[in-house]
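I sat down with the model today to look up helix packing, cavities and backbone oddities. My notes follow in the order I took them.

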Amino acid sequence: MRLSDEEGARWGRGLERALRALRLNACYPPWRALAGHLRAASTAAPGQGLALCPHTLWPHPDEWLRAVIDRELAPSLLPQLAPLVSAGDVAAARKAAYLQALLEAGAPVRSQVSAALVERAEEGLRLEVVIDRQVPEGPRFERWTFRLTDARGRLESGGGGARLEAGLERQLLALCEGPAAAAAAALLDDRALSLEELVRGEIGPALRGGGGPALTAALERAAPHLTRTHVDDPLAGEVAVPEAGAGFGLSRQRKWAAPTADREAWRAWLDERGSRNLIYTYAL
Amino acid sequence: MSEQAVSEQAVSERAGLERRLALLARLSEAERALEAAVAGALAPPARGWLSRLLSPSRTGAPPGDARQQILPPLRALGHQLELLDGELRLMEASGEAPEEQATLRRLRAAMSALHAAGEAALAAAAPSGWERAAAADAARRVSALSTEGSAFLREDACALEEELARLDREAALRRDAAAEVARALEEER
């Protein structure tokens, strides 16, 4: 699906406002950085319009890539365009404005892993590991937070802070490829690790409403202290849930941010599906 | 035309030539980078029979980031082509150097063909449509057009350098003549 330059800019503005309206806490990828990234991806190259991913209605992965590449090229291209702009070339002026807008939009979001020591306990190191992932094929943005105790104390210092030992980092990164319930089950099976809680915050997808984009965000929590499983996510399709006797419970909810004018329509849509998802509103 | 006007015109002509030479150098860099990226991303991996058997991608499909390898130099080339278009628009508006315009247009056509071949290579790198023969074809076409583009670039750069040398010679002659006049005036005094 391809929008014109103007429609694309309007859609991007809507997504950005929705992102702000979602009131995302630290369990989600940092929304301010993502807003900048989104602004860059929605800034269409002059005359080329904006392609949206049909499944998520985020800018298409190629648009994210284009924004990242052009942002990197901008500092060298702008001085090359300057003589053409000062000679009154309109196309060059539009291109320079596009590159300038990209530079002002903010740095692109990158995947990263961070680990913090919570406590040196008798049974091992209590850790909080946060993994921010940008999956370009989606595009999907998610944050996984693992609170666990590692009996083998695999935390190293260096590079200005604590760092997970590479083997443990790879193990946790591999778990992020699958559903949260499967990750929790795998961690509970690991004798060296003891899982306190696993939280996965995901931003997207967006849906098209009459007044503009409705952006959603889902929060999933798996933990031994959760005694039951509760899923309220009408967009999730089939959610992998823990089997009886798995030793942990799971909760998953989604929240929405829609234009004020569309609120009632989305409420009715959710009611029809028996969902009590929260809807925040924003003004376009 | 006064001497000052002649000198200003020569300075502006020289600035234009230097700008276009720099543009050709950047085009040449973008062309080489695109050829290398396409070859790296699409050429079938040179593997022994054992690694071929053990490899999960026995079809020789490109790695997931093949598009990410090709897109940066392709966009860089696209930007340089747009700069060349802008340069041509300025030259056309000022009616400047019609032969040079013709040369640059010929180069523009060669580089456009290369850019189009790069886009085809990008499409061939999409994992969904991966086909070994199509990818090899796309890589061969980029390589051939890149060679052709390089020849045009070299030829055009030579022409621009000759033009710069001519301007330098004329400026030297003008300086000599001015010095001659100054000397004559001095002697008269």
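**Cavity and pocket notes**

I looked for enclosed space first, and the structure holds 1 cavity of 30 Å³ or more. Before going on, I noted that this is a predicted model, where local features need pLDDT of at least 70, side-chain atom pairs count only at pLDDT 80 or more, and totals for chains, interfaces and linings use all residues. Residues are numbered from 1 along each chain as its sequence is written, chains are lettered from A and ligands numbered from 1 in the order in which they are written, and side-chain values use heavy atoms, with hydrogens and water left out.

The largest cavity has a volume of about 40 Å³. I wrote down the terms: on a 1 Å grid over the protein atoms alone, a cavity is a set of points where a 1.4 Å probe fits but cannot get out, a pocket is an open set with protein on both sides within 12 Å along at least five of seven lines, and lining residues have an atom within 4 Å of a point. Grid points are joined across faces, edges and corners, and a volume is the space filled by probe spheres set on the points.

Which residues line the largest cavity? I found His37(A), Ala40(A), Ala67(A), Val68(A), Arg71(A), Gly106(A), Ala107(A) and Pro108(A). H2 and H3 of chain A are the elements giving two or more residues to this lining (helices, H or I, have at least four residues and strands, E, at least two; both are DSSP runs numbered from the N terminus). H3(A) supplies the largest share, 3 residues. By type I get 5 nonpolar, 2 polar and 1 charged (Ala, Val, Leu, Ile, Met, Phe, Trp, Tyr, Cys and Pro count as nonpolar, Asp, Glu, Lys and Arg as charged, and the others, Gly among them, as polar).

Next I checked the second largest pocket, which has about 480 Å³ of space. Of its 19 lining residues, Gln48(A), Arg66(A), Leu71(B), Arg75(B) and Glu119(B) are the closest to its centre. H3(B) gives the most to this lining, with 6 residues. The lining divides into 5 nonpolar, 6 polar and 8 charged residues.

**Helix notes**

I then followed H1 (residues 5–21) and H2 (residues 31–42) of chain A, whose axes come within 9 Å and cross at roughly 175 degrees. Axes are lines fitted to C-alpha atoms, for helices over the stretch in contact, and angles run from 0 to 180 degrees between N-to-C directions. H1(A) and H2(A) are therefore roughly antiparallel to each other (the label is for angles over 145 degrees). Among the contact residues I noted Gly8(A) and Leu15(A) of H1(A) and Trp31(A) and Leu38(A) of H2(A) (contact means heavy atoms within 4.5 Å).

In H3 (residues 61–86) of chain A, I found a kink of about 55 degrees at Ala74(A), shortly before Pro75(A). The bend at a residue is the angle between axes fitted to the seven residues ending there and the seven starting there.

**Backbone notes**

Most residues other than glycine have a negative phi, and most peptide bonds are trans. Arg23(A) has a positive phi, near 50 degrees, and sits in the loop between H1 and H2 of chain A. Gly88(A), just after H3(A), has a positive phi of about 90 degrees. Last, I logged a cis peptide bond between Gly204(A) and Pro205(A), with omega about 5 degrees; Pro205(A) is in strand E8 (residues 193–208) of chain A.

Technical notes. Angles under 35 degrees count as roughly parallel, over 145 as roughly antiparallel, 65 to 115 as roughly perpendicular and the rest as oblique.
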